[in-house]
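Biologist: Hi! Could you pull the model up so we can go through it together?
Modeller: Sure, here it comes.
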Amino acid sequence: MGDLTKNFNKSEFDCNSGCDMPEDVFENVEVHAQNLQTIRDFCNASIKINSGYRCPSYNKSIGGASKSQHMTGNASDIVISGYTPDQVADIVEGLIRIGAIEEGGVGRYNTFTHYDRRGTKSRWDNRT
């Protein structure tokens with residue numbers, strides 16, 4: 001369970017608490033990593049995953065949403081080298097629009113962009 005794509009490794013998605021990732025979550029992470037690889041290829045720049053999978057207890061401890069997509073392995077908070085979080089969100093929106101990556105949530109934050117594959121469109125802006 002190492003490399004997921006040519007640029008992403010399972011360890012990048014592991015819970016920040018250090019707990020083990022359940023197998024069903026790993027299956028979602030594998031698909032999510034493919035979507036992130038498409039974003040990376042489009043931008044031709046490295047992506048840092050600040051937060052990938054979160055176990056329920058860790059998600060609660062950091063004030064994550066009670067039904068957070070992070071707990072299913074379908075979400076990540078990302079930073080792309082050379083791009084502002086707002087530019088990243090615009091790129092993700094465009095790739096969703098053309099069907100290159102899956103529909104889901106796009107959250108705009110001051111220092112990162114949230115992308116998830118929930119299957120339905122959800123957008124929010126938490127910039128201050």
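Biologist: Let's start with Arg123: is this residue buried or partly exposed?
Modeller: In this predicted model, Arg123 is partly exposed, at a relative accessible area of 27%.
Biologist: And which residue does the Arg123 side chain meet in a salt bridge?
Modeller: That would be Glu93, with 2.8 Å from N to O. The pair links distant parts of the chain, 30 residues apart: Arg123 sits in strand 5 (residues 122-125) and Glu93 in helix 3 (residues 85-97).
Biologist: What about Glu93, buried or exposed?
Modeller: Glu93 is buried, with a relative accessible area of 16%.
Biologist: Nice. Where does Glu102 find its salt bridge partner?
Modeller: Glu102 meets the side chain of Arg117, at 2.9 Å from N to O. This pair also links distant parts of the chain, 15 residues apart. Glu102 is in the loop between helix 3 and strand 3 (105-108), while Arg117 is in the loop between strand 4 (113-116) and strand 5.
Biologist: How do Glu102 and Arg117 come out for accessibility?
Modeller: Glu102 counts as partly exposed at 32% relative accessibility, whereas Arg117 counts as buried at 12%.
Biologist: Which residues do shared salt bridge partners join into one network?
Modeller: The network takes in Asp86, Asp90, Arg108, Asp125 and Arg127.
Biologist: How many salt bridges does the whole structure have?
Modeller: The search finds 11. One of them is between Lys10 and Asp14, where the closest N and O atoms are 2.5 Å apart.
Biologist: Are Lys10 and Asp14 buried or exposed?
Modeller: Lys10 is buried, at a relative accessible area of 11%. Asp14 is partly exposed, at 24%.
Biologist: Changing topic: how many disulfides are there?
Modeller: The count comes to 0. Cys19 is in no disulfide, and the nearest cysteine sulfur to it belongs to Cys55, 3.6 Å away.
Biologist: Why is there no bond between Cys55 and Cys19?
Modeller: Because the sulfur of Cys55 is 3.6 Å from that of Cys19, its closest cysteine sulfur, and this is too far for a bond. The cut-off for a disulfide is a pair of sulfur atoms within 2.5 Å.
Biologist: Last one: are those two cysteines, Cys19 and Cys55, buried or exposed?
Modeller: Cys19 counts as partly exposed, at 27% relative accessibility. Cys55 counts as buried, at 10%.
Biologist: Great, thanks for the tour!

Notes
Residues numbered from 1 in each chain as written. Predicted model: local features only at pLDDT ≥ 70, side-chain atom pairs only at ≥ 80, totals over all residues. Heavy atoms only, no water. Salt bridge = Lys/Arg side-chain N within 4 Å of Asp/Glu carboxyl O. Buried < 20%, exposed > 50% of the residue type's maximum accessible area, 1.4 Å probe, protein only. Helix = DSSP H or I, 4+ residues; strand = E, 2+ residues; numbered from the N terminus.
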